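Dear colleague,

I am handing over the structure below, together with some notes on what was found in it. Please look through the model first and then read on.

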Amino acid sequence: MKTFTKQEIAHLEHLYKINLINSVTGLKSANLVGSISNSGIPNVSVFSSVVHFGSEPPLLGMVFRPTTVARNTYDNIKENEYYSINHIQQSIIKDAHHTSAKYPFEVNEFEQTNLEEEYKDNMYVPFVKNAPVQLLMKYVNEYTIQENGTILLLGEIQKLYVEDDLIHTDGFVDLAKGNVVAINGLDGYVKTELIERLPYQRPKK
């Protein structure tokens, strides 16, 4: 088994190191975050850091790298509070991944890809058309991680849109049926397959 000490990790070649550390955490969610600037320019960007923080209230978190350089999605959310989270399907992974390119704030990333923006219920926030799961989010709070300057941003679900045939009678959303992908590391996209659902576990008698 290959072994890396803390000191060895620190001295690894930069790209090798970030690929290694981003991969060892396991599979991550694959989402496109839609937002819009005060000047009306839509933005869409891929995120692999969306995390569940609770169901009552329904909170989701995202991690942003330090704002020492422009972070268009972060700036838009701080300006307008509302944003969307859209699950990535297998059919759009190349366009979804291209949204990680660092375009200037005045560029609409939808127009640089085949992704289509969609607006719902008279909201000005762009969603990704045909995404099987779409969430309208509202900024709640943020926390700076002192150790590396990253920002944990918390949002609350305001509206949830899910394709009808993905929802089981108990509320379970079958993402595999919607061809939703996951992310391995920074740039590896993985198919999902539901293996089995297991019942709530209690201590053995």
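This is a predicted model, in which local features need pLDDT of at least 70 and side-chain atom pairs count only at pLDDT 80 or more, while totals for chains, interfaces and linings use all residues. Residues are numbered from 1 along each chain as its sequence is written, and side-chain values use heavy atoms, with hydrogens and water left out.

I begin with strand β2 and its partners. Leu-32, in β2, stands opposite Asn-86 in β6, and β2 pairs with strand β6 (residues 82-87) in the antiparallel sense over four bridges. (Helices, H or I with at least four residues, and strands, E with at least two, are DSSP runs numbered from the N terminus; two strands pair if DSSP finds at least two bridges between them.) Strand β3 (residues 42-47) also runs antiparallel to β2, joined to it by six bridges, and here Asn-31 stands opposite Phe-47. The hairpin of β2 and β3 has five residues between the strands, and in it Gly-40 takes a positive phi near 85 degrees.

As for its surroundings, β2 (residues 31-36) is mostly covered, with six of its six residues buried (buried means under 20% relative accessible area, exposed over 50%, and partly exposed in between, with a 1.4 Å probe and protein chains only). Both faces are covered, since Asn-31, Val-33 and Ser-35 on one side and Leu-32, Gly-34 and Ile-36 on the other are all buried.

A separate open sheet of three strands has the order β1-β11-β12, with antiparallel pairing. Its edges are β1 (28-29) and β12 (188-190), each of which has a single partner strand, so one side of each is left without a neighbour in the sheet. Strand β11 (residues 182-184) is joined to β12 by three bridges, and Asn-184 stands opposite Gly-188 there.

Turning to the rings, the structure holds four aromatic pairs (rings of Phe, Tyr and Trp, the last by its six-membered ring, pair if their centres lie within 6.5 Å; planes under 30 degrees apart count as stacked, over 60 as edge-to-face and the rest as tilted). One of them is the tilted pair of Phe-4 and Tyr-16, at 6.5 Å centre to centre and with 50 degrees between the planes. Phe-4 lies in the segment before α1 (6-10) and Tyr-16 in helix α2 (residues 14-23), so this pair ties together parts that are 12 residues apart in sequence. Phe-4 is partly exposed at 26% relative accessible area, and Tyr-16 is also partly exposed, at 43%.

Phe-127 and Tyr-161 form an edge-to-face pair, 5.6 Å centre to centre with 80 degrees between the planes. This pair links distant parts of the chain, as Phe-127 is in strand β8 (residues 127-128) and Tyr-161 in strand β10 (residues 151-162), 34 residues apart. Phe-127 is buried, with a relative accessible area of 0%, and Tyr-161 is buried at 18%.

Finally, which residue is buried yet has no salt bridge? That residue is Glu-109, for which the nearest side chain of opposite charge, Lys-102, is 11 Å away (Lys and Arg count as positive and Asp and Glu as negative, with His and the chain ends not counted; a salt bridge is a side-chain nitrogen of Lys or Arg within 4 Å of a carboxyl oxygen of Asp or Glu). Glu-109 lies in the loop between α4 (93-98) and β7 (117-118).

With best regards
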